[in-house]
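User: Could you walk me through the spaces and helices in this model, and tell me how each label is earned?

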Amino acid sequence: MTLNFTPAIGALAALDLLRIEIADAVAHIRLNRPAKRNAVNDTLVAQLHSAFVSLPEAVKAVVLTGEGDHFCAGLDLSELSERSVAEGVIHSRTWHAAMDAIQFGRVPVVAVLHGAVVGGGLEIASSCHLRVAEESAYYGLPEGQRGIFVGGGGSARVPRLAGVQTMTDMMLTGRVLDAHEGERRGLSQYVVANGAGFAKGCELAAKIASNAPLSNFAVMQALPRIADLSQSDGLFVESLMAAIAQGDDAAKERVRAFLEKRAGKVGKAS
């Protein structure tokens, strides 16, 4: 699918470690440190946070990619500095805020993965709602070999996708999963040929952007929280969310249009 993207303007254009373009209701946010394999430093984390809390109102879905040969090779170790325990906690929480702005922001996000999806790169990918992996993609969590621990939300998000056992194996042994193994374990929902990821991501994002905004909001905000509740509490929250979504005026219009369209088809068939 081809969308006609044009560069973002205003505050989004000033985020120099990202390239942001917009086509109608879809935004394309690209990690833009190709010489560093899009490794994450503090500035990139801050700019990701700023981008996702500053999206124009017209944007209804986002495609997130990485410039160059890799999606993201993780933490930029060349900029790793010694921190006190208190400073380390605060630093980790800034990552959490950025990842939360992606997962629990205003619009669904489709990540297109290729090359390295490692460490912090996997943490970013796991905060997105859909993940399309090209066959070149590979997943790793090398923190165990580097004497550190995930700090960007990976311990909360990756096990929900691939299971605690898979993450334990990856962190303790340095095991790397290829694109197909990653899909089987839940790290992506789609695997496509190399070079085909962006078109697939745009196709999915355009479809998502055409949904009722409140329905998208319910899927993003309520569904993961319901999964963390007991069944009885989850069912009660589901009832509330279903009533809210169905009571929305835009949703009522969509249902009426669907029923009128179906009635017209039945009439033609008879």
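User: Happy to start with the empty space: which residues line the largest cavity?

Analyst: The largest cavity is lined by Val40, Asn41, Asp42, Leu75, Asp76, Glu79, Leu80, Arg83 and His91. A word on the ground rules: this is a predicted model, where local features need pLDDT of at least 70, side-chain atom pairs count only at pLDDT 80 or more, and totals for chains, interfaces and linings use all residues. Residues are numbered from 1 along each chain as its sequence is written, and side-chain values use heavy atoms, with hydrogens and water left out.

User: What makes a space a cavity, and what makes it a pocket?

Analyst: Both are sets of points on a 1 Å grid over the protein atoms alone: in a cavity a 1.4 Å probe fits but cannot get out, while a pocket is an open set with protein on both sides within 12 Å along at least five of seven lines. Lining residues are those with an atom within 4 Å of a point. The count comes to one cavity of 30 Å³ or more, and the largest cavity holds about 60 Å³. That volume is the space filled by probe spheres set on the points, which are joined across faces, edges and corners.

User: How do the residues lining the largest cavity divide by class?

Analyst: They come to three nonpolar, two polar and four charged. Here Ala, Val, Leu, Ile, Met, Phe, Trp, Tyr, Cys and Pro count as nonpolar, Asp, Glu, Lys and Arg as charged, and the others, Gly among them, as polar.

User: What lines the largest pocket?

Analyst: The largest pocket, with a volume of about 720 Å³, is lined by 25 residues, and Gln103, His129, Met220, Leu223 and Pro224 lie nearest its centre. Its lining has twelve nonpolar, seven polar and six charged residues. The helix α9 gives the most, with seven residues. Helices (H or I, at least four residues) and strands (E, at least two) are DSSP runs, numbered from the N terminus.

User: Why does the length of α9 agree with what is expected of a helix?

Analyst: The expected span is 1.5 Å times one less than the number of residues. For the 15 residues of α9 that gives 21 Å, and the end C-alpha atoms are 21 Å apart, so the two agree. There is also a kink of about 30 degrees centred on Val219 in α9; the bend at a residue is the angle between axes fitted to the seven residues ending there and the seven starting there.

User: And what about α2: how far does it reach?

Analyst: With 19 residues, α2 reaches 27 Å from its first C-alpha to its last, close to the 27 Å expected. It also gives the second largest pocket the largest share of its lining, four residues. That pocket holds about 420 Å³.

User: Why is His70 called buried?

Analyst: Buried means under 20% relative accessible area, exposed over 50%, and partly exposed in between (1.4 Å probe, protein chains only). His70 has a relative accessible area of 18%, so it is buried. His70 sits in the loop between β4 and α2.

User: What does His70 touch, leaving aside its neighbours within four places in sequence?

Analyst: His70 is in contact with Arg37, Asn38, His114, Gly115, Ala116 and Tyr138, where contact means heavy atoms within 4.5 Å.
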